[in-house]
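Here is a short briefing to read with the model open. Work through the topics in order and find each residue as it comes up.

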Amino acid sequence: MSPRRRRTLLTSGLLAVLLLAAAAVSAQRFGGFGSFREGTFPTLWAPAHMPEASFTFCRLAYRSVRFEQSGIGWQTDYPYAEINLMTRLSELTKTRIGHDDNQSPRHYVVRLTDDTLYNCPFLMASDAGTIGFSDAEADRLRTYLLKGGFLWVADYWGEAAWKQFESQIAKALPPSEFPIEEVALDDPLLHSVYSLNHVPQISNFQFWRRSGGRTSERGADSDVVHLRVIRDAKRQVMVVMTHNTDIADSWEREGEDPDYFHQFSPDGYALGVNVLVHAMTH
């Protein structure tokens with residue numbers, strides 16, 4: 001059996017077992033569905049100096065210029081998506097992550113106009129189909145990415161949301177210089193730790209429960225999942241775009257429903273760990 005085949009089996013088998021016990025703890029922390037609401041947590045702004053050299057997750061606070069159903073702008077999936085992903089990253093790999101005084105993974109929020117942006121090795125934006133960049137913000141994002149920064153945008157559905165983000169990232173990275181590319185299934189991004197033979201479509205927890213288990217949140221307009229990237233001149237990935245899928249809900253909501261966990265969390269964490277490790281090593 002090839003190493004890639006063995007890692008694929010690990011993704012669907014042992015990874016699920018390893019995550020299941022952790023998810024049970026998460027369920028106890030949340031107290032079940034409905035016990036917390038996105039958008040109600042205090043914003044933890046990035047400090048002038050990162051307190052340690054360990055890996056830290058930063059979330060991009062941006063201005064929304066349009067509305068998407070089930071989205072709440074930059075606060076979508078904040079903060080338990082990053083808390084859970086960083087926790088599992090430290091459990092499933094040898095990556096050192098930072099912890100605060102309560103032993104919770106350190107995570108921060110940053111604006112493109114903040115000087116603290118350059119302290120962030122990794123940046124994520126959810127509900128990306130609502131983003132509007134000013135010229136100054138686009139210039140800062142370009143500088144950040146060309147200096148070695150990494151951006152993952154996620155949880156945006158349908159053609160209108162795609163066109164919105166495509167128009168905004170073009171302000172920072174013109175497609176004539178930095179074309180958007182669809183990622184092939186044999187790309188190293190999908191095999192850096194776990195081997196994935198597909199990009200999972202993950203709906204948000206509320207839609208999944210309300211719809212009886214469907215995964216395409218915009219029906220026929222979001223049937224096809226896309227994993228796209230923008231690379232620099234050396235072919236290193238600067239931007240990852242997961243379109244028509246809500247990968248972060250498989251982290252954030254890992255402990256709220258066993259069926260949701262089994263259907264989505266193993267693949268969601270496999271992709272999350274792969275992207276983070278790729279970002280840190282390339």
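In which loop does D77 lie? D77 sits in the loop between β2 and α3. The model is a predicted one. The points below cover unusual backbone geometry, one pocket, one cavity, one helix and a set of individual residues.

**Backbone geometry in the loops**

- Most residues other than glycine have a negative phi, and most peptide bonds are trans.
- D77 departs from that habit: its phi is near 75°, a positive value in a residue that is not glycine.
- D77 is buried, because its relative accessibility is 1% and the cut-off for buried is under 20%.
- The loop between β2 (63-64) and α3 (80-92) also holds P79.
- The peptide bond from Y78 to P79 is cis, with omega near 0°.
- Q103 has a positive phi as well, near 65°, and is not a glycine.
- Q103 belongs to the loop between α3 and β3 (107-110).
- Is Q103 buried or exposed? Q103 is exposed, because its relative accessibility is 58% and the cut-off for exposed is over 50%.

**The second largest pocket**

- The second largest pocket holds about 170 Å³ of space.
- Y78 and P79 are among its lining residues, and the peptide bond that joins Y78 to P79 is the cis one.
- The lining also includes F41, P42, L44 and I83.
- Further lining residues include D100, S104, P105, R106, H107 and Y108.
- By class, the lining has eight nonpolar residues, two polar and two charged.

**The largest cavity**

- How many cavities of 30 Å³ or more are there? The count comes to one.
- The largest cavity contains about 70 Å³ of space.
- Its lining includes E68, Q69, S70 and G71.
- D127, D155, Y156 and W157 also line the largest cavity, as do N204, E217 and R218.
- The lining of the largest cavity divides into five charged residues, four polar and two nonpolar.
- S70, one of the lining residues, has its C-alpha 8.5 Å from that of F207, although the two are 137 residues apart in sequence.
- F207 is in helix α6 (residues 205-211).
- F207 is buried, because its relative accessible area is 10% and buried means under 20%.

**Helix α8**

- Helix α8 covers residues 258-281, which is 24 residues.
- From first C-alpha to last, α8 reaches 33 Å, close to the 34 Å expected at 1.5 Å a residue.
- Where does α8 bend? The bend is at F264 and amounts to about 45°.
- A proline, P266, follows F264 within four residues.
- At the start of α8, a side-chain oxygen of D257 comes to within 2.8 Å of the backbone nitrogen of D259.
- α8 is mostly covered, with 18 of its 24 residues buried.
- A279 falls within residues 258-281 of α8, and its C-alpha is 9.6 Å from that of V239, 40 residues away in sequence.

**Other positions to check**

- V239 is in strand β9 (residues 237-243).
- V239 is buried, because its relative accessibility is 0% and the limit for buried is under 20%.
- T116 lies in the loop between β3 and β4 (123-126).
- T116 counts as buried, because its relative accessibility of 12% falls under the 20% limit.
- The C-alpha atoms of T116 and P47 are separated by 6.6 Å, with their positions 69 residues apart along the chain.
- E159 belongs to helix α5 (residues 158-172).
- E159 is partly exposed, because its relative accessibility of 42% lies between the 20% and 50% cut-offs.
- The C-alpha of E159 is 9.3 Å from that of G129, and the two residues are 30 apart along the chain.

Methods: Residues are numbered from 1 along each chain as its sequence is written. This is a predicted model: local features need pLDDT of at least 70, side-chain atom pairs count only at pLDDT 80 or more; totals for chains, interfaces and linings use all residues. Side-chain values use heavy atoms; hydrogens and water are left out. On a 1 Å grid over the protein atoms alone, a cavity is a set of points where a 1.4 Å probe fits but cannot get out, and a pocket is an open set with protein on both sides within 12 Å along at least five of seven lines; lining residues have an atom within 4 Å of a point. Grid points are joined across faces, edges and corners, and a volume is the space filled by probe spheres set on the points. Ala, Val, Leu, Ile, Met, Phe, Trp, Tyr, Cys and Pro count as nonpolar, Asp, Glu, Lys and Arg as charged, and the others, Gly among them, as polar. Helices (H or I, at least four residues) and strands (E, at least two) are DSSP runs, numbered from the N terminus. The expected span of a helix is 1.5 Å times one less than its number of residues. The bend at a residue is the angle between axes fitted to the seven residues ending there and the seven starting there. Buried means under 20% relative accessible area, exposed over 50%, partly exposed in between (1.4 Å probe, protein chains only). A polar contact is a pair of N or O atoms within 3.5 Å; within protein, one must be able to donate a hydrogen and the other to accept it, and residues adjacent in sequence count only if both atoms are side-chain atoms.
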